Amino acid sequence: MEYKYFPHTEDDLQAMMAKVGVESLDGLYAQIPETIRFKGDYEMPLSMSEQEVRQVFEKLGNENRQLTCFAGMGVYDHYTPSVIPSLLQRSEFLTSYTPYQAEISQGTLHYIFEYQSMMAELTGMDISNASMYDGTTACAEAMMMVVAAGKKQNKVLVSGCLNPQNLKVLKTYALHRGIEVEVLPIRDGATSLDDVKTRLAEGGYAGVIVQQPNVYGIVEDFTGFADACHEQKALLVIDSVAADLAVLKTPGEWGADIAVGDGQSLGIPMQFGGPYVGYMCCTEKLIRKMPGRIVGMTKDNRGQRAFVLTLQAREQHIRRQKATSNICSNQSLMALFVTVYMSLMGRQGLKEAAELSYAGAHYLCDELLKTGRFKLAYNQPFFNEFFVKYDGDVDTLYQRFIEAGILGGVRIEDGLLFAVTEKRTKEEIDNLVKVAGL
């Protein structure tokens, strides 16, 4: 049997010590003063059997409280079909090897190709790359991409309705790259086309970044945004929750040049914050400005279908200063995850899950408003997430939710942002409303 790692034998140790000129392992530490050497026993537990180790971790896991999740703001509690983990462990997919050598990476290249095809269709765009780290860094890479395409233009307009986590990452990336990030004002919970036109007319802007649905869960109307950008030689970037695109108008239909976002909503468990997968899609004319890599399909010398890396505008393959980005890898396993998820769900399954989320959110909103203690912060259409104000102390209410076993939304500004997915039952929603009305 072959092993990935071998322990050092006694002969190995003696040979290495002879090479460095010491007679024992203690001789390696001869230069360390006795006064600072640790001579006690390490506080380590005794060895345990496999069953005992499992029991220890089960006990630790049970200390976590499993709350019914009504929180969102970029991370959502969607259902994960049980078959996905099994398919992820197939030998042709599960590898730590990067797909540079096509002859030994056909499984990896195949699923990346399928991922790209599905994401391009989901977003309505021409091209998808082979995924990004997560949604926030995908948004930041899009910012750098529009500046690279805009040549001498180094300013980027960002909607004030963008997720604040994304905005922080944008500013971090921009800090030492000579990029100016300017935030548009919020108008009744949305982005104003008039504001966009006015700012773009000033000149110097490489692009505009907006979000759909936005941070308040509002579905914005981006009619005219693409035209306003293109008239001023700027690019439009739309950041979207991937699962919502099963029913919402796609970035491609809005005329966007680049579509980015997080794919976590496509069945990836919340997992205490990651790993997730960012997606990036664009129009064909921007393909050489796109970071990361792209997999294509061809035929080998026997005429059989084969998959290969067709574009790799990264610093590993070209001069560093010519690279579109310094991104070197990603959680490709998560790209496989969402590929399997979309394959299992199909168009109809994705649509049904999104419609259930929509229906649950609107039912919860209506029931909260009936209590007379909540009101919508903005009278705007929303999808599966909405922002409400509460007439009492928000912190006290939030703590009451926690005590009842409920993760009652996300506290933002002076209200709560609630999210509902297809996993939330009517009984769970009614229980939240009951606790809220106490």
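**Exercise 1. Which two domains each give at least three residues to the lining of the largest cavity?**

Solution. Start with the lining itself: domain 2 (68–79 + 345–437) and domain 3 (82–340) each supply at least three residues to the wall of the largest cavity. These bounds come from an automatic or database domain assignment. Next, add the remaining part of the division, domain 1 (1–39). The C-alpha centres of domain 1 and domain 3 are 49 Å apart.

Before going on, a word on the model: it is predicted, so local features need pLDDT of at least 70 and side-chain atom pairs count only at pLDDT 80 or more, while totals for chains, interfaces and linings use all residues. Residues are numbered from 1 along each chain as its sequence is written, and side-chain values use heavy atoms, with hydrogens and water left out.

**Exercise 2. Describe the largest cavity by its volume and its lining.**

Solution. First, the term: on a 1 Å grid over the protein atoms alone, a cavity is a set of points where a 1.4 Å probe fits but cannot get out, and lining residues have an atom within 4 Å of a point. Points are joined across faces, edges and corners, and the volume is the space filled by probe spheres set on them.

- Step 1: searching the whole structure gives 3 cavities of 30 Å³ or more.
- Step 2: the largest cavity has a volume of about 100 Å³.
- Step 3: its lining has 15 residues, and His-78, Ala-243, Asp-244, Ser-265 and Ala-354 are the ones nearest its centre.
- Step 4: sorted by class, the lining holds 10 nonpolar, 4 polar and 1 charged residues. Here Ala, Val, Leu, Ile, Met, Phe, Trp, Tyr, Cys and Pro are nonpolar, Asp, Glu, Lys and Arg are charged, and the others, Gly among them, are polar.

**Exercise 3. Are α10 and α12 roughly parallel or oblique to each other?**

Solution. Helices (H or I, at least four residues) and strands (E, at least two) are DSSP runs, numbered from the N terminus. Axes are lines fitted to C-alpha atoms, for helices over the stretch in contact, with angles from 0 to 180 degrees between N-to-C directions. Helix α10 (residues 332–370) packs on helix α12 (residues 426–436) at about 25 degrees, the axes being 10 Å apart. Angles under 35 degrees count as roughly parallel, over 145 as roughly antiparallel, 65 to 115 as roughly perpendicular and the rest as oblique. So α10 and α12 are roughly parallel.

Now try helix α11 (residues 394–403): its angle with α12 is about 135 degrees, with the axes 10 Å apart. This pair is therefore oblique.

**Exercise 4. Where are Pro-213 and Pro-275, and what is the phi of Gln-271?**

Solution. Pro-213 sits in the loop between β5 (205–212) and α8 (225–231), and the peptide bond leading to Pro-213 from Gln-212 is cis, with omega near -15 degrees. Pro-275 belongs to the loop between β7 (258–262) and β8 (278–282); Gly-274 and Pro-275 are joined by a cis peptide bond with omega about 5 degrees. Gln-271 also lies in the loop between β7 and β8. Though not a glycine, Gln-271 has a positive phi of about 50 degrees. For background, most residues other than glycine have a negative phi, and most peptide bonds are trans.

Key: 1 Å grid on protein atoms, 1.4 Å probe; cavity = no way out; pocket = protein on both sides within 12 Å on 5 of 7 lines; lining within 4 Å.
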